[in-house]
Amino acid sequence: MNKVVKNAEEALQGIESNMTLMLGGFGLCGIPENSIEELVRLGIKDLTCISNNAGVDDFGLGLLLQGKQIKKMISSYVGENDEFERQMLSGELEVDLIPQGSLAERCRAGGAGIPAFFTPAGFGTEVAEGKEVREFNGKPHILETALTADFAIVKAWKGDTEGNLIFKATARNFNPMMAMAGKITVAEVEELVPAGELDPNEIHTPGIFVQR
């Protein structure tokens with residue numbers, strides 16, 4: 001099945017205000033910048049965004065923050081965005097900060113159909129407030145629930161027309177897990193090749209997870 005669409009506008013059809021989006025990438029590496037720019041153009045509001053980071057002031061999710069299009073951020077590293085800091089401290093932006101490994105695993109669990117898991121990360125901190133605690137092998141663990149999204153938007157190094165994806169280097173940190181956890185997954189690719197050209201042994205995300 002050919003999953004190629006002609007542009008970002010067509011790829012993001014169906015995204016509406018108040019939806020939950022996953023946006024791949026690690027720092028500014030492997031983020032779907034063209035899709036983010038299209039979201040800015042569309043003017044969609046009140047989004048819940050799940051992402052490792054919040055971009056910087058003039059790039060990545062920072063562009064959506066400038067337009068106050070995000071109502072809630074679920075992320076793990078937000079230290080390079082002054083506008084994010086301002087909105088969080090003023091109460092304009094709801095923020096759920098999650099340990100980085102827990103965020104990755106919550107996305108992976110969502111894609112694998114696992115509703116929740118226990119982890120020691122965050123025990124004894126604000127992260128554990130209101131969460132169930134159990135002891136395993138003499139060590140306390142907190143219950144973390146899986147994350148899913150209405151749309152997952154990822155960025156791949158190579159992809160074929162059937163949606164099989166290869167991610168490069170640091171971009172593999174969150175993109176593959178998020179690609180599995182969206183009801184609809186949209187992939188930007190740097191290089192698009194015909195079906196059958198990618199070595200099956202090198203594919204990180206099979207096309208069955210990708211709709212556009």
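The exercises below work through the cores, pockets, cavity, strand pairing and one buried serine of a predicted model.

**Exercise 1. Which residues have the most contacts inside the largest nonpolar core, and which elements supply at least two residues of this core?**

Step 1. The largest nonpolar core holds 23 residues. Those with the most contacts inside this core are Ile 15, Leu 21, Leu 23, Leu 39, Ile 70, Met 73 and Phe 84.

Step 2. At least two core residues come from each of strand E1 (20-23), helix H2 (33-42), strand E2 (47-50), helix H3 (61-66), strand E3 (70-75) and strand E8 (149-160). H3 gives the most, with 3 residues.

Step 3. A second, separate core has 21 residues, including Leu 103, Ala 149, Val 154 and Met 177.

Step 4. Take Leu 21 as an example of the packing. Leaving out residues up to four places away in sequence, Leu 21 touches Ile 15, Leu 39, Leu 47, Thr 48, Cys 49, Ile 50, Ala 149 and Phe 151.

**Exercise 2. Find Ser 35 and decide why it counts as buried or exposed.**

Step 1. Ser 35 lies in helix H2.

Step 2. The cut-off for buried is under 20% relative accessible area. Ser 35 counts as buried because its relative accessibility is 2%.

Step 3. Not counting residues up to four places away in sequence, the contacts of Ser 35 are Leu 12, Ile 153 and Glu 188.

Step 4. Ser 35 and Val 186 are 151 residues apart in sequence, while their C-alpha atoms are 9.0 Å apart in space.

**Exercise 3. Describe the largest pocket and the second largest pocket by volume and lining.**

Step 1. The volume of the largest pocket is about 360 Å³. Its lining has 22 residues, and the closest to the pocket centre are Val 5, Ala 187, Glu 188, Val 189 and Arg 212.

Step 2. Helix H1 (8-11), H2, E8 and strand E10 (182-193) each supply at least two residues of this lining. E10 gives the most, with 5 residues.

Step 3. By class, the lining of the largest pocket has 10 nonpolar, 7 polar and 5 charged residues.

Step 4. The second largest pocket has about 230 Å³ of space. It is lined by Val 95, Asp 96, Leu 97, Ile 98, Pro 99, Glu 126 and Val 127. This lining divides into 5 nonpolar, no polar and 2 charged residues.

**Exercise 4. How many cavities of 30 Å³ or more does the structure hold, and which residues line the largest cavity?**

Step 1. The structure holds 1 cavity of 30 Å³ or more. About 50 Å³ of space lies in the largest cavity.

Step 2. The lining consists of Leu 23, Gly 24, Gly 27, Ile 31, Pro 32, Ile 36, Ser 51, Asn 53, Gly 55, Gly 60 and Leu 61.

Step 3. Sorted by class, the cavity lining has 5 nonpolar, 6 polar and no charged residues. Gly is counted among the polar residues here.

**Exercise 5. In which sense does strand E7 pair with E5 and with E6?**

Step 1. Strand E5 (residues 116-119) and strand E7 (residues 139-145) run antiparallel and are joined by 4 bridges. Within this pair, Thr 119 stands opposite Ile 142 in E7.

Step 2. Strand E6 (residues 133-136) also pairs with E7 in the antiparallel sense, over 4 bridges. Phe 136 has Lys 139 in E7 as its bridge partner.

Step 3. E6 and E7 form a hairpin with 2 residues between them. In the turn, Asn 137 has a positive phi of about 55°.

Notes
Residues are numbered from 1 along each chain as its sequence is written. This is a predicted model: local features need pLDDT of at least 70, side-chain atom pairs count only at pLDDT 80 or more; totals for chains, interfaces and linings use all residues. Side-chain values use heavy atoms; hydrogens and water are left out. A nonpolar core is a set of buried Ala, Val, Leu, Ile, Met, Phe, Trp, Tyr and Cys residues joined through side-chain atoms within 4.5 Å. Buried means under 20% relative accessible area, exposed over 50%, partly exposed in between (1.4 Å probe, protein chains only). Contact means heavy atoms within 4.5 Å. On a 1 Å grid over the protein atoms alone, a cavity is a set of points where a 1.4 Å probe fits but cannot get out, and a pocket is an open set with protein on both sides within 12 Å along at least five of seven lines; lining residues have an atom within 4 Å of a point. Grid points are joined across faces, edges and corners, and a volume is the space filled by probe spheres set on the points. Two strands pair if DSSP finds at least two bridges between them.
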